[in-house]
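Colleague: Got a minute to walk me through this one? I'd like to go over the charged pairs and a few other spots.

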Amino acid sequence: MKAITTNKWVLLLVVFLVLTNLALVFFAFSNSKKSARPQDNSFRKQLGLTEQQEKIFDERKQEFFKTMKPRWEEVNQLKDSLYQHLGDENVSDSLIDHYTSRWTEINKQNDMMLFRHFKELRKECTPSQYKAYDSAVNRMVTRRRR
């Protein structure tokens, strides 16, 4: 400890590093809490949803995610299974085709389900909300692809 106190530059460097690490931790955790629902609130504000519409949207959203999470996990498991063969010298094209075809089919079904989900939610909107709804959904879906 005496060596650190005698060399002022080392002491200043250690203090500086501790402070920057604390600031980094603070910013990392403060940003993760904010990203939970602001996008959803922005979507709701754009549309001007009533309380009843918000309730319906929330219920349908929960149902949709309950249905979709296992499907997304299945795709991830298929990808994991395929990439476990990465180190194999003799991986057949039929094995690769099997995995990629299966997850392509699931993703196709998922996209169809997503479209139907938004189509059903649109029925809960008033005609004056249609344009804003269509625009917001389009932005959400295209942003997700990026």
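**Charged pairs and other spots**

Modeller: Let's start with lysine 123, which is exposed, with a relative accessible area of 57%. Keep in mind that this is a predicted model.

Colleague: Which side chain does lysine 123 meet in a salt bridge?

Modeller: That's glutamate 120, and the N to O distance is 3.1 Å. Glutamate 120 counts as partly exposed, at 37% relative accessibility.

Colleague: Why do such side chains pair at all?

Modeller: Opposite charges on side chains can pair when the charged atoms come close.

Colleague: OK, and how many salt bridges does the structure hold?

Modeller: Four. One of them joins the side chains of arginine 102 and glutamate 74, at 3.2 Å from N to O.

Colleague: Where do arginine 102 and glutamate 74 lie?

Modeller: Arginine 102 is in helix H5 (residues 93-122) and glutamate 74 is in helix H4, so this pair ties together parts that are 28 residues apart in sequence.

Colleague: And are those two buried or exposed?

Modeller: In between: arginine 102 is partly exposed with a relative accessible area of 34%, and glutamate 74 is partly exposed too, with 30%.

Colleague: What about aspartate 134, which side chain does that one meet?

Modeller: Aspartate 134 forms a salt bridge with arginine 122, 2.7 Å from N to O. Aspartate 134 sits in helix H6 (residues 130-145) and arginine 122 in helix H5, so the pair links parts that are twelve residues apart in sequence. Aspartate 134 is partly exposed at 35% relative accessibility, and arginine 122 is partly exposed with a relative accessible area of 24%.

Colleague: Switching topic: is glutamine 53 buried or exposed?

Modeller: Glutamine 53 counts as buried, because its relative accessibility is 7% and the cut-off for buried is under 20%. You'll find glutamine 53 in helix H4 (residues 51-83).

Colleague: What lies 2.8 Å from a polar atom of its side chain?

Modeller: The backbone oxygen of glutamate 124. Leaving out residues up to four places away in sequence, glutamine 53 touches Gly48, Glu124, Cys125, Thr126 and Gln129.

Colleague: Last thing, which residues form the nonpolar patch on the surface?

Modeller: Val10, Leu11, Val14, Val15, Val18, Leu19 and Leu22, with about 570 Å² of accessible area together.

Colleague: Take valine 14 from that list. Where is its place?

Modeller: Valine 14 is in helix H2 (residues 8-34). It is partly exposed, with a relative accessible area of 40%.

Conventions: Residues numbered from 1 in each chain as written. Predicted model: local features only at pLDDT ≥ 70, side-chain atom pairs only at ≥ 80, totals over all residues. Heavy atoms only, no water. Helix = DSSP H or I, 4+ residues; strand = E, 2+ residues; numbered from the N terminus. Buried < 20%, exposed > 50% of the residue type's maximum accessible area, 1.4 Å probe, protein only. Polar contact = N/O pair within 3.5 Å; in protein donor to acceptor, adjacent residues only side chain to side chain. Contact = heavy atoms within 4.5 Å. Patch = residues over 30% accessible without salt bridge, like charges linked within 9 Å, V, L, I, M, F, W, Y side chains within 5 Å. Areas by Shrake-Rupley, 256 points an atom, 1.4 Å probe, with all protein chains shown as cover.
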